[in-house]
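This report describes one protein chain, beginning with burial and then turning to helices and the chain as a whole.

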Amino acid sequence: MLATALVEMVPESLELRGRSAAFLILLGYLIIHFFEHTVTPHFHFGEETHHAEFVHAHKGYSVLLGLIIHTFFDGIAIASGFLVSNALGWLIFFAVFLHKVPEGFTVSSVMLASGRSRGTAWGASMILGGSTLAGVLTMALFRHHVSAGLPLAAGVTIYVAASDLVPEVNKEPAMAMALLVFVGAGIFLLLETLFHVH
């Protein structure tokens with residue numbers, strides 16, 4: 001995600017909108033920062049493994065709301081990428097797809113840990129999928145605003161990757177987890193070469 005945002009989404013955003021894209025990238029970053037520290041202040045990605053965080057049922061719904069906002073921007077990112085070029089769209093799609101499966105497990109485990117039923121956990125996963133589709137449809141409807149959608153989504157992606165996911169990797173003492181960051185970046189570079197983005 002970090003490689004896709006920094007190497008592809010940010011440069012494309014600057015090309016589409018010029019210098020003002022930097023403001024929108026920052027705004028996207030700050031939107032997620034705001035929601036994580038106000039609406040869902042007790043959750044950060046990665047806490048799905050800390051079951052003590054979810055003894056109260058309302059925390060599960062708080063987490064779901066935070067993830068809905070994030071997945072909505074995933075949809076914005078995918079659609080914006082395809083509106084710019086098929087190659088960029090596929091790169092963003094694969095970056096998002098690689099963290100979609102763990103995201104589904106995340107929201108399910110959060111719901112179960114907060115005392116919700118399996119049906120509720122399954123429903124929460126479906127809501128996240130629907131939120132991503134809502135982001136895609138929103139960008140499809142407002143396709144003429146791709147020069148705003150792509151940089152906003154880039155800022156969100158940078159926040160989630162750098163502020164939530166990388167710190168969780170850094171907490172793991174084993175070297176294998178840290179190496180996976182390089183594997184992810186390597187996969188991105190391979191896909192970029194295959195799609196001939198530039």
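A residue is called buried when its relative accessible area is under 20%, and exposed when that value is over 50%. The model is a predicted one. By this cut-off, helix α5 has the buried residues Ala121, Ala124, Ser125, Leu128, Ser131, Thr132, Gly135 and Met139.

The protein chain contains seven helices and zero strands, so its pattern along the sequence reads α-α-α-α-α-α-α. Two of the helices are set out below with their lengths and spans.

| Helix | Residues | Number of residues | C-alpha span, first to last | Expected span at 1.5 Å a residue |
|---|---|---|---|---|
| α5 | 118-141 | 24 residues | 35 Å | 34 Å |
| α7 | 175-195 | 21 residues | 31 Å | 30 Å |

In α5 the span is close to the expected value. For α7, the distance between the end C-alpha atoms agrees with what 1.5 Å a residue predicts.

Which residues of α7 are buried? They are Phe188, Leu191 and Glu192. Because these residues cover an arc of only 105 degrees around the axis, they lie on the same side of α7. The other side of α7 has Met175, Ala176, Phe182, Leu190, Thr193 and Leu194 exposed.

Turning to the whole chain, 42% of its 198 residues are buried. The exposed area of the protein chain is about 10,300 Å², and carbon and sulfur atoms supply 72% of that area. Among contacts with a separation of 6 or more, 76% come from residues 24 or more positions apart.

Key: Residues are numbered from 1 along each chain as its sequence is written. This is a predicted model: local features need pLDDT of at least 70, side-chain atom pairs count only at pLDDT 80 or more; totals for chains, interfaces and linings use all residues. Side-chain values use heavy atoms; hydrogens and water are left out. Helices (H or I, at least four residues) and strands (E, at least two) are DSSP runs, numbered from the N terminus. The expected span of a helix is 1.5 Å times one less than its number of residues. Buried means under 20% relative accessible area, exposed over 50%, partly exposed in between (1.4 Å probe, protein chains only). The arc is that of the directions from the helix axis to the C-beta atoms. Contact means heavy atoms within 4.5 Å. Accessible areas come from the Shrake-Rupley method with a 1.4 Å probe; for residues, only the protein chains shown count as cover.
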